[in-house]
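Got a viewer open? Let's take a stroll through this one, from the inside out.

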Amino acid sequence: MLDFNALAKKVLEGYELTEEEGLAILECPDDAVLPLLHSAYLIRKYYYGNRVKLNMIINTKSGSCSENCGYCAQSRDSTNPIQKYRMMDKDLIVKGAARANKVNAGTYCIVASGRGPTTRELNNVTDAVKEIKEKYPLKICACLGILKPGQAEQLKEAGVDRYNHNINTSEAHHPNITTSHTYEDRVRTVNQVKDVQISPCSGVIVGMRETKQDVINMAFALKELKAESIPVNFLHAMEGTLLEGTDELNPLYCLKVLCLFRFINPTVEIRVSGGREVNLRSLQPLSLYPANSIFIGDYLTTVGQAAKNDIQMLKDFGFEIDYNNLKTPVTPKENLIRGKKINQ
């Protein structure tokens, strides 16, 4: 078994993991998960201290999607009886921002189903973003699908800070999950937002019948993409989807996955995302040893833990809400100073 502490110290000195070391993390014996978590926490604390970033989603357009993603209840092939509605008007999106601000969510995520936004939909979102930026100190993340030429520029001009477009799975496994768009389509959109200086957010869904090598490849692919925020979702298999009935995960394996992503992407925001409640269950608080960010409230088509319970969870484990969500990771020196203040 690897000496995880020694490996964490090497990572902090600039060392990059090998695939073999990544596999050793995923195959770590269950009775060694606590030492593994401690080692991942050394990296997480170095860059983020004991702070946790809070994010809240608004699903501005639900269902009726032309894509055939096997995990998604909004897919054209899904028979799940989810609520379906067209793009919300601007006022409802702005009201959602008020709710996010009230619960101290630093990032407000505006999400819409579909392959990509129409001109009207994009105008609606950007008009809302401009008003939100005038009223609230929120970071705005948009997640609207595959972008057409010129749309990234419009989002940037409106004040969008971050754009989310997940790779979801490995390049090799991608055709098993969806065929209505390619892996390259997703990478292209991430690069488009990077080109206009919007912070790139891209993540994964674990538990979709992929191999451990696929999981390792995902983590390295996001490192290569220079994603600045990585949401790690754990499949919550929905009725009526291609992956209905898939149940491959357990809490300890989920924790190993989060540690893997922290070791491979040491400096970035790693967010425990969809499916954490059903897959991590009673071990949810331990996920914040490798991760430094969570979604609070509901997800797109599934119900999340109540925001007040998430806040209590953070308090119980001695974590703090990161109120300064617009800044990049603090320097090690800043962490040292803040750590002293926290401990006084």
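What follows goes from the nonpolar interior to a helix pair, then to the cysteines and a few single residues.

Keep in mind that this is a predicted model. In soluble globular proteins, nonpolar side chains tend to be buried together. Here, the largest nonpolar core has 93 residues. Its best-connected members, by contacts inside the core, are Y108, I132, V232, F234, F261 and F263. Helix α10 supplies the largest share of this core, at ten residues. There's also a second core, separate from that one, with seven residues, among them Y71, I177, M208 and L235.

Zoom in on Y108 for a moment. Leaving out residues up to four places away in sequence, Y108 touches M56, I58, I93, G96, A97, A100, I132, L138, K139, I140 and C141. I132, one of those partners, is also on the list of residues with the most contacts inside the core.

Now back to α10, which spans residues 251-264 and packs against α9, residues 212-225. Two packed helices are described by the angle between their axes and the distance between the axes. For this pair the angle is about 35° and the axes are 9 Å apart, and α9 passes α10 in a right-handed crossing. On the α9 side, the contact uses K212, V215, I216, M218, A219, F220, L222 and K223, while α10 brings Y253, V257, L260, F261 and I264. Sort those by class and you get eleven nonpolar, two charged and no polar residues. F261 deserves a second look, as it sits in this contact and is also among the residues with the most contacts inside the largest core.

What about disulfides: how many does a search of the whole structure find? Zero. For C72, the nearest cysteine sulfur is that of C69, 6.2 Å away. C259 is buried, with a relative accessible area of 0%, but its sulfur is 8.1 Å from the closest cysteine sulfur, in C28, so that pair is too far apart for a bond.

Another residue with a relative accessible area of 0% is T189, which lies in helix α8, residues 183-195. T189 touches G145, I146, L147, Y163 and H165, again skipping residues up to four places away in sequence.

Finally, check the backbone in two loops. Q197, in the loop between α8 and β5, has a positive phi of about 65° without being a glycine; Q197 is exposed, at 61% relative accessible area. R281, in the loop between α11 and β9, is another non-glycine with positive phi, near 50°. R281 is partly exposed, at 45%.

How values were computed: Residues are numbered from 1 along each chain as its sequence is written. This is a predicted model: local features need pLDDT of at least 70, side-chain atom pairs count only at pLDDT 80 or more; totals for chains, interfaces and linings use all residues. Side-chain values use heavy atoms; hydrogens and water are left out. Axes are lines fitted to C-alpha atoms, for helices over the stretch in contact, and angles run from 0 to 180 degrees between N-to-C directions. Helices (H or I, at least four residues) and strands (E, at least two) are DSSP runs, numbered from the N terminus. A crossing is left-handed if the near helix is turned anticlockwise from the far one by less than a right angle, and right-handed if clockwise. Contact means heavy atoms within 4.5 Å. Ala, Val, Leu, Ile, Met, Phe, Trp, Tyr, Cys and Pro count as nonpolar, Asp, Glu, Lys and Arg as charged, and the others, Gly among them, as polar. A disulfide is a pair of cysteine sulfur atoms within 2.5 Å. Buried means under 20% relative accessible area, exposed over 50%, partly exposed in between (1.4 Å probe, protein chains only). A nonpolar core is a set of buried Ala, Val, Leu, Ile, Met, Phe, Trp, Tyr and Cys residues joined through side-chain atoms within 4.5 Å.
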